[in-house]
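The exercises below are to be worked with the sequence and the coordinates at hand. Each task is followed by a solution in steps.

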Amino acid sequence: MNHKAKILIVDDDAQISEMISEALMSKGYEISDAFDGKQAVAKVSAEKFDLVVMDIQMPVMDGITAMGEIKKIDPAIEVIIATGHGTMGTAVQSMRKGAFDYIHKPFEITELFTVVEKALAKRKFNDITKAIFSTIKSEELLRIVIDSVTGVLKADESLLVLLDKAERPYIAISDGLEDDQRKSSRLEVCGRVLKRLAADGFEPVVLIEDPSGDKRFADIKHLSDVQFAMMLPLMETGGLIGLININRSQPEEYFSENDLQKAKIFGSLVNLALKNANLYKQLQETQSQLIQAEKMSALGQLAGGLAHEINNPLSGILGLTQLVLETTPPGTQTHQDLTDIEKAVFRCKKIITSLLSFARQEKTQMEPVNISETIEETLVLCARQMELKHIKIVKRFGESLPLVNADFQQLMQVFLNLLTNAKDAMPDGGTITISTLPPSPDPDGRRMITVSFADTGAGIPREILDRVFDPFFTTKPAGKGTGLGLSVCLGILNRHNGTISAESEAGKGSVFTLRLPV
Amino acid sequence: MPKKILVVDDEEIVRNYVKRALASRGYEIAEAVNGASAITAAEKEEFDAVICDLKMPDLRGEEVIKKLKVLRPAAKIIVITGSVSNIANPIATGVEVEGFLIKPFGIGELREMLEKVI
């Protein structure tokens with residue numbers, strides 16, 4: 001909404017029309033005119049206007065009828081009725097039909113300016129509201145919010161501060177703030193306000209006058225240019241998620257009652273829109289999980305058929321190679337070549353076996369399983385390898401975890417895969433931390449226990465993190481991995497109605513988190 | 001008297017190496033390229049063991065094995081299959097077999113398995 005507002009003047013009296021036009025043009029508005037209602041309707045249907053200033057009594061079509069037609073074409077347009085013949089009756093009638101306001105002729109130019117400005121402010125506010133609800137991508141939404149809030153509240157700077165997963169505040173978006181020192185001073189103030197709100201409870205608006213003179217913030221540098229700060233806390237179902245901070249830097253330009261009202265409405269709109277965006281995100285996640293599951297199932301069927309087709313010729317290659325090997329003197333090049341072929345066949349066999357275990361569609365054997373015991377059993381299998389690679393295992397098992405309904409063998413396979421991956425990610429040794437957490441509700445209200453495997457390896461680059469569960473995706477050197485380990489894990493977790501997710505930060509290792517229904 | 005073995009598989013390359021791996025160990029080998037010819041062969045003569053694929057174009061291996069069991073109850077059956085999920089099948093369908101090998105299998109495994117069952 002940074003374009004010049006466009007206003008249509010409708011009056012059958014050319015002199016009045018010209019007078020209004022000139023006055024408004026001097027204020028920088030873009031003006032167009034019409035001399036009766038019908039012309040006005042035609043203009044509105046041909047181009048976009050923000051505001052119409054219209055006489056009531058006009059030839060061909062009167063102002064009130066024209067307003068009805070105009071609102072049908074563009075419901076968001078604001079109309080100010082100007083009338084010289086007006087009684088309170090016509091004024092009330094025009095308001096009922098949807099006029100923003102009315103002015104009596106003759107009127108003072110300043111009176112006109114005030115009404116026009118108010119109407120345009122409302123229009124702008126409506127536009128923002130519309131924008132907020134027309135976007136469901138949260139980043140886009142937040143950008144709109146911050147860009148417009150500075151303008152609407154006539155502020156010098158505004159910023160959106162959100163809390164990250166560890167509840168640390170960070171600046172998501174800012175407007176009017178280039179300098180890092182000033183940015184970090186604002187962030188510090190917001191962080192302290194958020195901390196207080198988290199402890200004392202939600203307040204719709206927090207106002208701070210001259211924060212640099214306030215003893216709560218006196219130790220923060222680069223804050224002296226903020227005269228008046230307004231904070232709009234943002235809530236989601238889970239609690240406080242951040243705030244919008246709007247600052248004015250001129251003395252005397254305190255936030256008025258009107259500004260506060262606007263800001264409160266704004267804050268609640270943003271809260272609502274954030275909820276929408278969040279719901280949409282959840283929907284998208286569910287969808288992508290579904291697509292992934294479909295992909296897996298189709299691939300599984302394909303893999304099953306493919307494996308059978310490949311195993312026959314492969315069996316021939318293996319058998320014939322071994323037959324020829326039997327009659328080839330050891331130490332010859334032919335003997336060496338045949339041994340290499342034999343090894344290659346065994347590698348193929350291993351790949352196909354993992355492929356099939358990933359594709360296996362048969363019934364999972366469900367029984368009550370103790371997760372901690374299953375992890376311990378798995379650790380017995382790989383303890384020696386871990387020791388050899390100088391890998392320390394740290395166990396953080398939650399106390400008295402309930403049993404989960406699961407296939408013991410398959411869970412062991414998942415744990416073994418994750419442990420092996422973690423080991424391979426730390427060729428020079430490191431630590432694997434295995435944690436279990438008691439049940440907590442998932443978004444659908446199911447009680448899920450959590451098991452996580454965290455390593456101190458190189459981590460997984462962000463750009464490939466969402467591909468690690470794809471079949472045949474591997475970062476291991478050729479011949480070292482089949483690229484099926486994590487797909488198998490995903491398949492198993494799907495069969496258990498559980499989830500598996502990966503988080504990683506370059507240089508800080510990776511965490512694989514499993515959630516299983518109790 | 002050499003032991004007589006029937007090799008049933010529609011894949012020539014598999015029959016080829018199985019036959020040669022066993023013949024070199026003194027077994028007498030007969031071949032069948034599908035289920036029907038396996039049954040015909042078993043009707044004509046006695047076998048000590050039948051090495052039988054499960055997935056063939058005409059009859060399901062399970063059906064073939066059931067008929068062989070009726071025809072030649074003394075013959076030992078070794079299933080060879082390329083599909084892991086098929087392993088459970090003979091047992092699930094009530095067919096008892098003496099051994100099974102998953103393709104790809106080597107000649108060593110094959111010889112060991114056969115020696116074990118007969």
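## Exercise 1: Inventory of the two chains

Chain A has a secondary structure of 13 helices and 17 strands. The coordinates are those of a predicted model.

Task: State how the secondary structure of chain B is made up, and give the buried share of each chain.

Solution.
- Step 1. Chain B comes to five helices and five strands.
- Step 2. Read from the N terminus, the elements of chain B follow the order β-α-β-α-β-α-β-α-β-α.
- Step 3. Of the 118 residues in chain B, 42% are buried. Chain A has 518 residues, and 31% of them are buried.
- Step 4. For contacts in chain B with a separation of 6 or more, 60% are between residues 24 or more positions apart. In chain A, among contacts between residues at least 6 apart in sequence, 65% join residues at least 24 apart.

## Exercise 2: A helix pair in chain B

Task: Describe the packing of helix H2 (residues 35-44) of chain B and helix H3 (residues 61-71) of chain B.

Solution.
- Step 1. Two quantities describe a pair of packed helices: the angle between the axes and the distance between them.
- Step 2. For H2(B) and H3(B) the angle is about 5°, and the axes are 10 Å apart.
- Step 3. Angles under 35 degrees count as roughly parallel. H2(B) and H3(B) are therefore roughly parallel to each other.
- Step 4. The residues that meet are Gly35(B), Ala38(B), Ile39(B), Ala42(B) and Glu43(B) from H2(B), and Glu63(B), Val64(B), Lys67(B), Leu68(B) and Leu71(B) from H3(B).
- Step 5. Sorted by class, this contact has six nonpolar, one polar and three charged residues.

## Exercise 3: The buried face of a helix in chain A

Task: Find which residues of helix H2 (residues 37-46) of chain A are buried, and what covers them.

Solution.
- Step 1. The buried residues in H2(A) are Gly37(A), Ala40(A), Val41(A) and Val44(A).
- Step 2. Viewed down the axis of H2(A), these buried residues fall within an arc of 100°, so they line one face of the helix.
- Step 3. The cover over the buried residues of H2(A) includes strand E1 (6-10), strand E2 (30-34), strand E3 (51-55) and helix H3 (63-73) of chain A.

## Exercise 4: A five-stranded sheet in chain A

Task: Give the strand order of the open sheet that contains E6(A), and place E6(A) within it.

Solution.
- Step 1. The order in chain A is E7-E6-E10-E9-E8, with antiparallel pairing.
- Step 2. E7 and strand E8 (206-209) of chain A are at the edges and have a single partner strand each, so one side of each lacks a neighbour in the sheet. From one strand to the next, the twist averages 20°.
- Step 3. Helix H7 (residues 180-200) of chain A packs on the sheet and touches E6, E7, E8, strand E9 (228-236) and E10 of chain A. The direction of H7(A) makes about 135° with that of E10(A).
- Step 4. E6(A) is antiparallel to strand E10 (residues 239-248) of chain A, with six bridges between them. Glu157(A) has Asn247(A) in E10(A) as its bridge partner.
- Step 5. E6(A) is also joined by six bridges to strand E7 (residues 169-175) of chain A, again antiparallel. In E7(A), Ser174(A) is opposite Leu159(A), and Ile173(A) is opposite Leu160(A).
- Step 6. E6(A) and E7(A) make a hairpin with five residues between them, and Glu167(A) in the turn has a positive phi of about 65°.
- Step 7. Of the seven residues of strand E6 (residues 157-163) of chain A, six are buried, so E6(A) is largely enclosed by the rest of the structure.

## Exercise 5: An enclosed helix in chain A

Task: Is helix H13 (residues 485-495) of chain A largely enclosed or largely exposed?

Solution.
- Step 1. The buried residues of H13(A) are Gly485(A), Leu486(A), Ser487(A), Val488(A), Cys489(A), Leu490(A), Gly491(A), Ile492(A) and Leu493(A).
- Step 2. Nine of the 11 residues are thus buried, so H13(A) is largely enclosed by the rest of the structure.
- Step 3. Just after H13(A), Asn497(A) has a positive phi of about 55°.

## Exercise 6: The contact between the chains

Task: Describe the side of chain B that touches chain A.

Solution.
- Step 1. The contact involves 18 residues of chain B and 18 residues of chain A.
- Step 2. Helix H1 (residues 12-23) of chain B supplies seven residues, the largest share of the side of chain B that touches chain A.
- Step 3. By class, that side of chain B has nine nonpolar, five polar and four charged residues.

Definitions and conventions: Residues are numbered from 1 along each chain as its sequence is written. Chains are lettered from A and ligands numbered from 1 in the order in which they are written. This is a predicted model: local features need pLDDT of at least 70, side-chain atom pairs count only at pLDDT 80 or more; totals for chains, interfaces and linings use all residues. Helices (H or I, at least four residues) and strands (E, at least two) are DSSP runs, numbered from the N terminus. A residue is buried if 20 or more other C-beta atoms lie within 10 Å of its own, exposed if 12 or fewer, and partly exposed in between; C-beta atoms are placed from the backbone. Two residues are in contact if their C-beta atoms, placed from the backbone, lie within 7 Å. Axes are lines fitted to C-alpha atoms, for helices over the stretch in contact, and angles run from 0 to 180 degrees between N-to-C directions. Angles under 35 degrees count as roughly parallel, over 145 as roughly antiparallel, 65 to 115 as roughly perpendicular and the rest as oblique. Ala, Val, Leu, Ile, Met, Phe, Trp, Tyr, Cys and Pro count as nonpolar, Asp, Glu, Lys and Arg as charged, and the others, Gly among them, as polar. The arc is that of the directions from the helix axis to the C-beta atoms. Two strands pair if DSSP finds at least two bridges between them.
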